[in-house]
Amino acid sequence: MAIAKAERLMNLALCLLGTRRPLSKRELRGSIEAYLEAGTDDSFNRMFERDKDDLRELGLVIETVENLDGEVGYLARRDSNRLPPITLDAEEAAALGLAAKVWQQARLAGAASGALQKLRAAGMPEAEDPYEGHHSALEPRIPVHETAFEPLMLACRDRRPVVFDYRKANAARAETRHVEPWTLECWRGHWYLAGWDRERGAERVFRLSRITGKVRSRAGAFTAEVPDVVTVRETVESWAGETATRTARIRLRPGSGYPLRARATAVRDLGDGWDELEIPYGHGLDAGLVELGPEVVVLAPADLRADVMDRLRAVAKD
């Protein structure tokens with residue numbers, strides 16, 4: 001349905017841009033196949049008015065002209081819809097070139113490359129590639145390996161609710177989640193989706209690598225207002241324990257838990273196959289500790305130890 005509407009809008013825009021005189025509704029209906037298939041005049045009129053409004057929202061300037069017989073016609077003059085000349089300096093061109101390289105592993109690669117070619121054809125200066133000949137060094141790319149990325153990217157763009165199966169870090173099986181997707185963000189090599197979880201009635205952040213199966217789109221509008229600013233990174237940092245508010249004391253087997261060791265403020269070798277660590281932490285550390293299983297023992301505080309035990313019991317029951 002989305003493809004059919006896009007084609008219909010494109011045909012209407014081409015008709016309005018290609019005519020030298022205003023075209024009436026009757027003439028437009030006879031020129032566009034989708035309008036010919038409209039069952040009734042009322043159905044066509046509603047479709048045409050929606051399409052006309054959509055084109056205007058997209059920036060097309062459509063004029064309404066009344067002829068001597070009182071019939072209303074429509075046209076889009078080319079001079080009113082012509083973009084100004086593209087003026088980019090060498091630094092701006094370099095920034096666009098770098099941005100295009102970022103998306104080489106995603107579906108946006110083709111669109112980014114095509115846009116860059118069009119800009120160069122329109123006169124954008126060729127910028128020196130700072131990474132040319134240094135591909136063994138740092139590559140400015142964002143990895144996109146998750147199959148959920150593309151459907152979620154399109155759902156965020158089109159404001160379409162989605163359904164997917166999601167397995168939390170401490171869960172034995174996946175659960176079905178009904179989400180209104182807001183935005184995607186890459187943080188520390190992983191992609192996250194922020195959106196409104198309908199069943200929980202609250203904002204949630206999902207790690208794409210934990211989505212199992214296909215992402216299914218659902219019809220209908222969003223039920224929750226999309227915030228102007230979605231702080232994905234700050235939310236993930238908080239849930240991952242990056243925003244430290246307290247200190248925990250744990251025992252850890254040697255050779256395990258390297259992310260925890262990197263954050264530790266103190267490490268002591270107990271000499272019996274355990275190391276004792278003091279680590280700053282915030283919300284969400286219990287989930288990370290559960291993933292280590294028998295390699296870790298929480299000593300303090302008591303509430304963190306209780307949370308880890310509760311999670312382990314829940315996994316054991318499943």
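The following exercises, each with a worked solution, concern a predicted model of a protein.

**Exercise 1. Overall composition**

Determine how many helices and strands the protein has, and what share of its residues is buried.

Solution. The secondary structure comes to 11 helices and 12 strands. Of the 318 residues, 32% are buried, where buried denotes a relative accessible area under 20%. The accessible surface comes to about 19,300 Å², and carbon and sulfur atoms account for 51% of that area. Turning to contacts between residues at least 6 apart in sequence, 55% of them join residues at least 24 apart.

**Exercise 2. Helix α4: length and faces**

Test whether the span of helix α4 agrees with its number of residues, then establish where its buried residues lie around the axis.

Solution. Step one concerns length. Helix α4 covers residues 41-57, which makes 17 residues. The expected span is 1.5 Å times one less than the number of residues, and therefore comes to 24 Å for this helix. The end C-alpha atoms of α4 are 24 Å apart, in agreement with the expectation.

Step two concerns burial. The buried residues of α4 are Phe44, Met47, Phe48, Asp51, Lys52 and Leu55. Viewed down the helix axis, these buried residues fall within an arc of 135 degrees, so they line one face of α4. Asp42, Arg46 and Glu57 are exposed on the other side of the helix.

Step three concerns what comes after the helix. Gly59 follows α4 and has a positive phi, near 110 degrees.

**Exercise 3. Helix α7**

Identify which residues of helix α7 are buried and which residue with positive phi follows the helix.

Solution. Helix α7 comprises residues 149-158. Its buried residues are Phe149, Leu152, Met153, Leu154, Ala155 and Cys156. Arg159 follows α7, with a positive phi near 55 degrees.

**Exercise 4. The sheet of 4 strands**

Give the strand order of the open sheet that contains β10, name its edge strands, and describe the helix that lies across β12.

Solution. First, the order is β10-β11-β9-β12, and the pairing is antiparallel. Second, β10 (266-269) and β12 (296-300) are the edge strands, since each pairs on one side only. Third, neighbouring strands of this sheet are turned against each other by 25 degrees on average, direction ignored.

The pairing of β10 with β11 (residues 275-281) extends over 4 antiparallel bridges. In this region, Ala266 stands opposite Glu278 of β11. Finally, helix α11 (residues 302-317) lies across β9 (246-252), β11 and β12, and runs at about 145 degrees to β12.

**Exercise 5. The sheet of 3 strands**

Derive which strand lies between the edge strands of the open sheet of 3 strands.

Solution. The strand order is β1-β3-β2, with antiparallel pairing, which places β3 in the middle. The edge strands are β1 (23-24) and β2 (63-66). Between β1 and β3 (residues 72-75) there are 2 antiparallel bridges, and Leu23 stands opposite Tyr74 in β3.

**Exercise 6. The pairings of β5**

State over how many bridges β5 pairs with β4 and with β6, and give a residue pair for each.

Solution. Strand β5 (residues 175-187) pairs in the antiparallel sense with β4 (residues 162-166) over 5 bridges. Here Val163 has His178 of β5 as its bridge partner. Strand β5 also pairs with β6 (residues 190-197), again in the antiparallel sense, over 8 bridges. In that pairing, the bridge partner of Pro181 is Gly195 of β6.

Terms used:
Residues are numbered from 1 along each chain as its sequence is written. This is a predicted model: local features need pLDDT of at least 70, side-chain atom pairs count only at pLDDT 80 or more; totals for chains, interfaces and linings use all residues. Side-chain values use heavy atoms; hydrogens and water are left out. Buried means under 20% relative accessible area, exposed over 50%, partly exposed in between (1.4 Å probe, protein chains only). The arc is that of the directions from the helix axis to the C-beta atoms. Axes are lines fitted to C-alpha atoms, for helices over the stretch in contact, and angles run from 0 to 180 degrees between N-to-C directions. Contact means heavy atoms within 4.5 Å. Accessible areas come from the Shrake-Rupley method with a 1.4 Å probe; for residues, only the protein chains shown count as cover.
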